[in-house]
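Welcome, and please open the model in your viewer. We will go through it stop by stop, with something to select at each one.

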Amino acid sequence: MIGQENGKSHLQKTQEEVEEVKVIMLQNMNKAEERSGKLNELEDRADLKANFEKTSTQVKTQKRWANKKMKVMLIAVAVVAGLIILSLIIVAIVQSTKGSD
């Protein structure tokens, strides 16, 4: 009987150890899943950051070109206005010299 009790307790002890290992493995699997979820979140954030940087660079380039176009247009308007004023002055000078003759 003592041998059976020792055998039975040994079997129970082994089963308890197996249960403990099983619980630890399940905990480890849960932790691994949590880490996987956190890694996925980090990847998503990294993708968002990359997309934001790409978009912001595109917007920056578009604004730079818009500013350059505006400067060119203002310079063109100033040159045309200057030419008109200059031509009016020349016409006035020519008319005043013809009137003196």
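A helix here is a DSSP run of H or I that covers at least four residues, with numbering from the N terminus. Keep that in mind as you select A66, which sits in helix α1. Please also note that you are looking at a predicted model.

**The whole chain**

Zoom out and show the cartoon. How many helices and strands does the protein have? There is 1 helix and there are 0 strands. Helix α1 takes in residues 2-100.

Now turn the model to view it from several sides. The C-alpha trace spans about 150 × 10 × 5 Å along the principal axes. For the protein, the radius of gyration is 43 Å, whereas a compact globule of 101 residues would have one near 13 Å.

Next, switch on the surface. About 9600 Å² of the protein is accessible, and carbon and sulfur atoms account for 63% of that area. What share of the 101 residues is buried? The buried share is 0%.

**A66 and L26**

Go back to A66 and add L26 to your selection. These two are 40 residues apart along the chain, and a line drawn between their C-alpha atoms would be 59 Å long. Is A66 exposed or partly exposed? A66 has a relative accessible area of 41%, so it counts as partly exposed, since that class runs from the 20% limit for buried to the 50% limit for exposed.

**A negative patch**

Select E41, E43, D44 and D47, which together form a negative patch on the surface. Stay with D44 for a moment: this residue belongs to helix α1. D44 is partly exposed because its relative accessible area is 46%.

**A positive patch**

Now select K60, R64, K68 and K71, and you will find a surface patch of positive charge. K60 is part of helix α1. With a relative accessible area of 55%, K60 is exposed, because the exposed class begins over 50%.

While you are looking at charges, colour every one of them in the protein. You should find 16 positive and 13 negative side chains, and the centres of these two sets are 19 Å apart.

**A nonpolar patch**

For the last stop, select I75, V79, L83, L86, I90 and V94. They make a nonpolar surface patch of about 550 Å². Pick out V79, which has its place in helix α1. The relative accessible area of V79 is 47%, so this residue is partly exposed.

Notes:
Residues are numbered from 1 along each chain as its sequence is written. This is a predicted model: local features need pLDDT of at least 70, side-chain atom pairs count only at pLDDT 80 or more; totals for chains, interfaces and linings use all residues. Side-chain values use heavy atoms; hydrogens and water are left out. Patches are made of residues with over 30% relative accessible area and no salt bridge: like charges are joined within 9 Å, nonpolar side chains (Val, Leu, Ile, Met, Phe, Trp, Tyr) within 5 Å. Accessible areas come from the Shrake-Rupley method with a 1.4 Å probe; for residues, only the protein chains shown count as cover. A salt bridge is a side-chain nitrogen of Lys or Arg within 4 Å of a carboxyl oxygen of Asp or Glu. Lys and Arg count as positive and Asp and Glu as negative; His and the chain ends are not counted. The place of a charge is taken as NZ of Lys, CZ of Arg, CG of Asp or CD of Glu. Helices (H or I, at least four residues) and strands (E, at least two) are DSSP runs, numbered from the N terminus. Buried means under 20% relative accessible area, exposed over 50%, partly exposed in between (1.4 Å probe, protein chains only). The radius of gyration is taken over C-alpha atoms; the globule rule is 2.2 Å times the number of residues to the power 0.38.
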